[in-house]
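Here is a short, friendly briefing to read alongside the model. Have the viewer open, and we will go through a surface patch, a helix pair and some salt bridges.

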Amino acid sequence: MNRLSNLIEAKTLAGKNLCYLLSGTGAFSSVRYKMMQGMLESGLLPCVAYHYNGKPKLMYLAGEKKALSAVGILDEATLICLIDAILSAAEQLCAPGFINLDNVERSLDSIFADMQTMECSFVFLPLNNGGEGNGKERFEAEILFAIRSLVVDHSKASSDSLRVLIDECSRPNATFSRAKRIIQMTDNKARNPVQEPACSKLLT
């Protein structure tokens, strides 16, 4: 995460768990860490903070979830369901006064999902990075860019519906609400496919 890179020394994996070694004691915010512990049922991945070689280290516990970068190739129905879950979890984080969105990771290797329940969780970094700026527009744009990457890299086949979603996520003024409308229309088409008139089959 470039905007916070001066506070992070290293980002690594420990099994399925994601770890961040911070640059020093001053980079860690105990206030934001305590706040995060009270919001783990609101779309944030559980985190344990401890010291490693004299520096704060954050370990995010994946449990049954896996990073979106590791979900493999998905069929369209699964992908659409997963994207809908990502957007729902992200929208919850955008609630006014909820958290500082500048501290939420947005890359595919830092967003986690349970592929059985489609429950998604985000990494919140309890860092001392200044004010309480919300950054909602930038947050939406960067989450939608991550979703675009998810579709491009992990879809089994490219359908018209997925191409429309990719185009929407690439727009500079793309929003969660417009992306969700596309997903809803795609889901409705999948549930209620258009039937060809019987006569069209006779005239072939």
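A good place to begin is the surface: V48, Y50, Y52 and L61 make a nonpolar patch of about 320 Å². Please keep in mind that this is a predicted model. The points below start from that patch and then turn to helix packing and charged pairs.

**Surface patch**
- One member of the patch, V48, lies in strand β3, which covers residues 47-52.
- V48 has a relative accessible area of 36%, so this residue counts as partly exposed.

**Helix packing**
- Two packed helices are described by the angle between their axes and the distance between the axes.
- Helix α3 (residues 136-154) packs with helix α4 (residues 160-170) at an angle of about 150°, and their axes are 8 Å apart.
- That angle makes α3 roughly antiparallel to α4, as angles over 145 degrees count as roughly antiparallel.
- The crossing in which α3 passes α4 is left-handed.

**Salt bridges: E105 and K11**
- Side chains of opposite charge can pair when their charged atoms come close.
- The structure holds twelve salt bridges.
- One of them joins E105 and K11, with the closest N and O atoms 3.4 Å apart.
- This pair links distant parts of the chain, 94 residues apart: E105 sits in the loop between α2 (76-93) and β6 (111-114), while K11 sits in strand β1 (residues 8-14).
- E105 is buried, at a relative accessible area of 3%, whereas K11 is partly exposed at 32%.

**Salt bridges: D84 and K180**
- D84 and K180 also meet through their side chains in a salt bridge, at 3.6 Å from N to O.
- Here too distant parts of the chain are linked, with D84 in helix α2 and K180 in helix α5 (residues 176-191), 96 residues apart.
- D84 is partly exposed, with 29% relative accessibility, and K180 is partly exposed as well, with a relative accessible area of 21%.

**Salt bridges: E168 and R178**
- A salt bridge brings together the side chains of E168 and R178, at 3.0 Å from N to O.
- E168 lies in helix α4 and R178 in helix α5, so this pair ties together parts that are ten residues apart in sequence.
- E168 counts as buried at 9% relative accessibility, while R178 counts as partly exposed at 23%.

**A shared network**
- K11, E105 and D109 are joined into one network by salt bridges that share partners.

Methods: Residues numbered from 1 in each chain as written. Predicted model: local features only at pLDDT ≥ 70, side-chain atom pairs only at ≥ 80, totals over all residues. Heavy atoms only, no water. Patch = residues over 30% accessible without salt bridge, like charges linked within 9 Å, V, L, I, M, F, W, Y side chains within 5 Å. Areas by Shrake-Rupley, 256 points an atom, 1.4 Å probe, with all protein chains shown as cover. Salt bridge = Lys/Arg side-chain N within 4 Å of Asp/Glu carboxyl O. Helix = DSSP H or I, 4+ residues; strand = E, 2+ residues; numbered from the N terminus. Buried < 20%, exposed > 50% of the residue type's maximum accessible area, 1.4 Å probe, protein only. Axes fitted to C-alpha atoms, helices over the stretch in contact; angles between N-to-C directions. Parallel < 35°, antiparallel > 145°, perpendicular 65-115°, else oblique. Left-handed = near helix turned anticlockwise from the far one by under 90°.
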